[in-house]
Amino acid sequence: KNGLVLSGKKLQNNHYLFVGYNKNNNDEWNEISVIKTDPKFNVIWSKNYGANNYDCKGYEVVEKNDDEYWILGYTKASKNNVLLLKINGNGEEKWFSYLPDIKCTFASHMLKNKSNEIIIAGQNSNTLFVSKINDLGQIIWNYEFSNNENYNHRLYDIKNTDDGGYIIVGNTTTNTKNKKDILMIKISKNGKEEWYKIFGNKHSEVVYDIEQTIKSNYIICGFQLIENNQYCSFIIKTDSLGNSLDEKYFNKINSNKIYDVEINNNIILGIGNTELVDTTKIFVVKINNMID
């Protein structure tokens, strides 16, 4: 089938659940695709979900409880383009909702907080939103960020923080053609804004991932557009308020991007790719002198 995996999750039993979309041929609509594998990636089952005669795509998966998985997807069948599915360990649909109380144009992220509650985040036009919902898909609280109606904002990652709150990263710009700057937002466990930070250099930049260190600092990664479609990736350490403490730019390598960063035993690993005219290669960066 024509398809694409957009994200995956390692489950508590060491199995994996992957989500994305596929279709049998170009004349059919996209359907949400969910694939469950064993620890060696042998397929246990593969199933499709979605509304008839509408494009549907799956973006995130959360293991909510034992034998219960939540799938966040996109569909044009709903007014706000959101579809939330609940399935069991065999892929059987238990419940779905279009989340009519959430005002958005694109819900791209979902995570489970430390209290086993579901958080959904994305965009509503040029405004970023974060919503906490209950098991019926009803909003418990909703946070929106739009510091200036003339600015466009984009959310690329949201993570739980040690204090029970959430940290958001992305970028912001006055319009789609202008220079993009890094955006960081910290909100409390009750959805109240604590601070936000906008910073950057002369290039357009985007942050794709963020991790918190054991001393409540942050490690962010992404890349900047230098010129002529050439990219330079970066890893930046900030303090607990988003102030830059250390920066590493990888501008002596072929056009490169970092999409994901991990912290393991005081070592930072950045993972992305390098691009030439006709080839793309995996790009891995290891840093051992940047952690607290």
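The exercises below concern a predicted model, and each is followed by a worked solution.

**Exercise 1.** Find the partners of strand β19 and describe how each is joined to it.

*Solution.* Start on one side, with strand β18, residues 218–227. Nine bridges join β18 to β19, and the two run antiparallel. To check the register, find C221, which stands opposite I235 in β19. Next, turn to strand β20, residues 244–249. Here five bridges make the link to β19, again with an antiparallel course. In this pairing K237 stands opposite D246 in β20.

**Exercise 2.** Examine the turns of the hairpins that β19 forms with β18 and with β20.

*Solution.* In the hairpin of β18 and β19, count the residues between the strands: there are two. N228 in this hairpin takes a positive phi near 50 degrees. In the hairpin of β19 and β20, five residues lie between the strands. The turn includes G242, whose phi is positive, at about 85 degrees.

**Exercise 3.** Is strand β19 largely enclosed by the rest of the structure or not, and why?

*Solution.* A residue is buried when its relative accessible area is under 20%. Apply this cut-off to β19, residues 230–238. Eight of its nine residues are buried, so the strand is largely enclosed by the rest of the structure.

**Exercise 4.** Locate F41 and L99, and state what is notable about the phi angle of each.

*Solution.* F41 lies in the loop between β3 (31–37) and β4 (43–49). Its phi is positive, about 70 degrees, although F41 is not a glycine. L99 is found in the loop between β8 (93–97) and β9 (106–112). L99 is not a glycine either, yet its phi is positive at about 45 degrees. Now consider accessibility: the value for L99 is 0%, under the 20% limit, so L99 counts as buried.

**Exercise 5.** Describe the largest pocket, its central residues and the make-up of its lining.

*Solution.* Begin with the volume, which is about 1,000 Å³. The lining has 31 residues, and those closest to the centre of the pocket are S7, E60, H109, Y156 and D157. Then ask which strands contribute. At least two lining residues come from each of β1 (2–10), β5 (56–65), β9, β13 (152–160), β17 (204–212) and β21 (256–264). The largest share belongs to β13, with seven residues. Finally, sort the lining by class: twelve residues are nonpolar, seven are polar and twelve are charged.

How values were computed: Residues numbered from 1 in each chain as written. Predicted model: local features only at pLDDT ≥ 70, side-chain atom pairs only at ≥ 80, totals over all residues. Heavy atoms only, no water. Buried < 20%, exposed > 50% of the residue type's maximum accessible area, 1.4 Å probe, protein only. Helix = DSSP H or I, 4+ residues; strand = E, 2+ residues; numbered from the N terminus. Pairing = 2+ DSSP bridges. 1 Å grid on protein atoms, 1.4 Å probe; cavity = no way out; pocket = protein on both sides within 12 Å on 5 of 7 lines; lining within 4 Å. Points joined across faces, edges and corners; volume = space filled by probe spheres on them. Nonpolar A, V, L, I, M, F, W, Y, C, P; charged D, E, K, R; others polar.
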